[in-house]
Amino acid sequence: AAPLEKLILTNHHQLRFYPDYFVSLTHTKEAAMAWVRTTRGHGIDLERVDRVLKDSILERIRHTNDHSALSPIELWCLKE
């Protein structure tokens with residue numbers, strides 16, 4: 001295991017002392033997750049299913065081609 005002082009993120013997703021690994025971090029009030037991988041272009045998102053999204057956010061992300069059966073939080077997670 002790497003010493004904690006070696007787990008420094010640079011460029012938002014890359015580990016300074018382990019440049020072949022990329023990290024995605026996410027959290028809510030109650031939980032957090034980290035995903036470490038060897039390829040770029042992937043990420044994770046953790047959201048509460050009861051999170052209420054502001055109308056202004058939904059107006060910004062919603063598109064006429066989006067499936068109408070999606071809940072606001074499902075739509076947010078797919079787009080995030």
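What share of the 80 residues in the chain is buried? In this predicted model, buried residues make up 20% of the chain. The surface can be described as well: about 6,500 Å² is exposed, and carbon and sulfur atoms supply 55% of that area.

A good place to begin the tour is the overall fold. The chain holds four strands and two helices, and a walk along the sequence meets them in the pattern β-β-β-β-α-α. The radius of gyration is 16 Å, well over the 12 Å that the globule rule gives for 80 residues, so the chain is more spread out than a compact globule. Along its principal axes, the C-alpha trace spans about 45 × 25 × 20 Å. Among contacts with a separation of 6 or more, 11% are between residues 24 or more positions apart.

The strands come next, with S3 (residues 18–27) as a helpful landmark. Strand S2 (residues 14–15) runs antiparallel to S3, and two bridges join them. Within this pairing, Gln 14 stands opposite Phe 22 of S3, and a hairpin through two residues links S2 to S3. S3 also pairs with strand S4 (residues 32–37), again in the antiparallel sense, over six bridges. Here His 27 is found opposite Ala 32 in S4, and the hairpin formed by S3 and S4 has four residues between the strands. In a regular strand, side chains alternate between the two faces of the sheet.

Charge completes the picture. The chain carries 11 positive and 11 negative side chains, and the centres of these two sets lie 5 Å apart.

Definitions and conventions:
Residues numbered from 1 in each chain as written. Predicted model: local features only at pLDDT ≥ 70, side-chain atom pairs only at ≥ 80, totals over all residues. Heavy atoms only, no water. Rg over C-alpha atoms; globule rule 2.2 N^0.38 Å. Buried < 20%, exposed > 50% of the residue type's maximum accessible area, 1.4 Å probe, protein only. Contact = heavy atoms within 4.5 Å. Areas by Shrake-Rupley, 256 points an atom, 1.4 Å probe, with all protein chains shown as cover. Lys, Arg positive; Asp, Glu negative; His and termini not counted. Charge placed at Lys NZ, Arg CZ, Asp CG, Glu CD. Pairing = 2+ DSSP bridges.
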